[in-house]
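Grab a pen and work through these exercises with the model open beside you. Each one gives a task, then a solution that goes step by step.

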Amino acid sequence: MIGAFHQPIKVFADVDLLSSLPKVEISNGLSEVIKHALIGDKKYFDWLEENMESIISLKPEALEYAITRSVEIKAEIVSKDEKEEGIRAILNFGHTFGHAIEAHTNYKKMSHGEAITLGMIIASKISLYEGFIKDHQLDLSLIHI
């Protein structure tokens, strides 16, 4: 493999810039935020559920916390496995199936975030069928696709 790994010294996020994006792009970003909560922090996931309206409404305080916590989770994982030789693969949760869905639909039927969300649901269902998670960990009644 050719390349180099360089970790960022700082991460800057301008939450005001998010108001310039179409709603679909906010949703796409939320797919990644939710993924981080699912793979890294149950309390963060609970916070997201309680504060989703504030996030969708682009309330700066909620956005700042969501972005900060997501960056922290990703940094924690990457710092343990810089070159993706183990745990870092968890950051791909939903992406294998999501990318397959995107390719199958020629990247035209849904956004990247929608495909990744479906990918996370598919991966979670398989995990349930294989006995890696329990029924109560996969409540799809709140999802409307």
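**Exercise 1. A pair within one helix**

By about how many helical turns are Lys35 and Glu32 separated in helix H1? Then work out how buried or exposed each partner is.

*Solution.* Keep in mind that this is a predicted model.

Step 1: Start with the spacing. Lys35 and Glu32 sit 3 residues apart in helix H1, so about one helical turn separates them.

Step 2: Bring in the helix geometry. An α-helix has 3.6 residues a turn, so residues three or four places apart point the same way.

Step 3: Check the distance. The closest N and O atoms of Lys35 and Glu32 are 2.8 Å apart, and the two residues form a salt bridge. The cut-off here is 4 Å.

Step 4: Look at the surroundings. Lys35 has 3% relative accessibility and therefore counts as buried, the limit being under 20%. Glu32, with a relative accessible area of 22%, is partly exposed.

**Exercise 2. The other salt bridges**

Find how many salt bridges the whole structure has, then describe the Lys42 pair and the Glu76 pair.

*Solution.*

Step 1: Count them. Searching the whole structure turns up 5 salt bridges.

Step 2: Take Lys42. Its side chain meets that of Asp46 in a salt bridge, at 2.7 Å from N to O. Both residues belong to helix H2, 4 residues apart, which is about one turn of the helix.

Step 3: Place that pair relative to the surface. Lys42 is exposed, at 59% relative accessibility, whereas Asp46 is partly exposed with a relative accessible area of 26%.

Step 4: Move on to Glu76. Its side chain and that of Arg69 form a salt bridge, 3.3 Å from N to O. Glu76 counts as partly exposed at 38% relative accessibility, while Arg69 is buried, with a relative accessible area of 11%.

Step 5: Follow the shared partners. Salt bridges join Asp41, Arg69, Glu72 and Glu76 into one network.

**Exercise 3. Checking helix H1**

Test the length of helix H1 against what you'd expect from its residue count, then list its buried residues and what covers them.

*Solution.*

Step 1: Helix H1 runs over residues 23–40, which makes 18 residues.

Step 2: From first C-alpha to last, H1 reaches 26 Å, close to the 26 Å expected at 1.5 Å a residue.

Step 3: Now the buried side. The buried residues of H1 are Ile26, Asn28, Leu30, Ser31, Val33, Lys35, His36, Ala37 and Ile39. Lys35, from Exercise 1, is one of them.

Step 4: Ask what lies over them. The cover includes helix H2 (42–56), helix H3 (60–80), helix H4 (95–104) and H5.

**Exercise 4. Two residues of helix H5**

Is Ser124 buried or exposed? Answer that, then compare it with Ile122 and look at the helix they sit in.

*Solution.*

Step 1: Locate them. Ile122 lies in helix H5, residues 112–129, and Ser124 is found in H5 too.

Step 2: Read the accessibilities. Ser124 has 14% relative accessibility, so it counts as buried. Ile122 is partly exposed at 33%.

Step 3: See what Ser124 touches. Beyond its neighbours within four places in sequence, Ser124 is in contact with Phe93, Ile133 and Leu138.

Step 4: See where Ile122 ends up. Together with Phe97 and Ile126, Ile122 makes a nonpolar surface patch of about 220 Å².

Step 5: Widen the view to the helix. The buried residues of H5 include Gly113, Gly119 and Met120, and its buried residues pack against H1 and H4.

Step 6: Check the helix span. The 18 residues of H5 should span 26 Å at 1.5 Å a residue, and the end C-alpha atoms are 26 Å apart, which agrees. Just after H5, Gly131 takes a positive phi of about 85°.

**Exercise 5. The whole chain**

Give the secondary structure of the chain and judge how compact the chain is.

*Solution.*

Step 1: Tally the elements. The protein chain has 5 helices and 0 strands.

Step 2: Compare radii. The radius of gyration is 16 Å, close to the 15 Å that the globule rule gives for 145 residues, so the chain is as compact as a globular protein of that length.

Step 3: Add the dimensions. The C-alpha trace spans about 40 × 40 × 35 Å along its principal axes.

Step 4: Look inside and out. Of the 145 residues, 30% count as buried. The accessible surface comes to about 10,200 Å², with 57% of it belonging to carbon and sulfur atoms.

Step 5: Finish with contacts. Among contacts with a separation of 6 or more, 50% come from residues 24 or more positions apart.

Technical notes:
Residues numbered from 1 in each chain as written. Predicted model: local features only at pLDDT ≥ 70, side-chain atom pairs only at ≥ 80, totals over all residues. Heavy atoms only, no water. Patch = residues over 30% accessible without salt bridge, like charges linked within 9 Å, V, L, I, M, F, W, Y side chains within 5 Å. Areas by Shrake-Rupley, 256 points an atom, 1.4 Å probe, with all protein chains shown as cover. Helix = DSSP H or I, 4+ residues; strand = E, 2+ residues; numbered from the N terminus. Buried < 20%, exposed > 50% of the residue type's maximum accessible area, 1.4 Å probe, protein only. Contact = heavy atoms within 4.5 Å. Expected span 1.5 Å × (residues − 1). Rg over C-alpha atoms; globule rule 2.2 N^0.38 Å.
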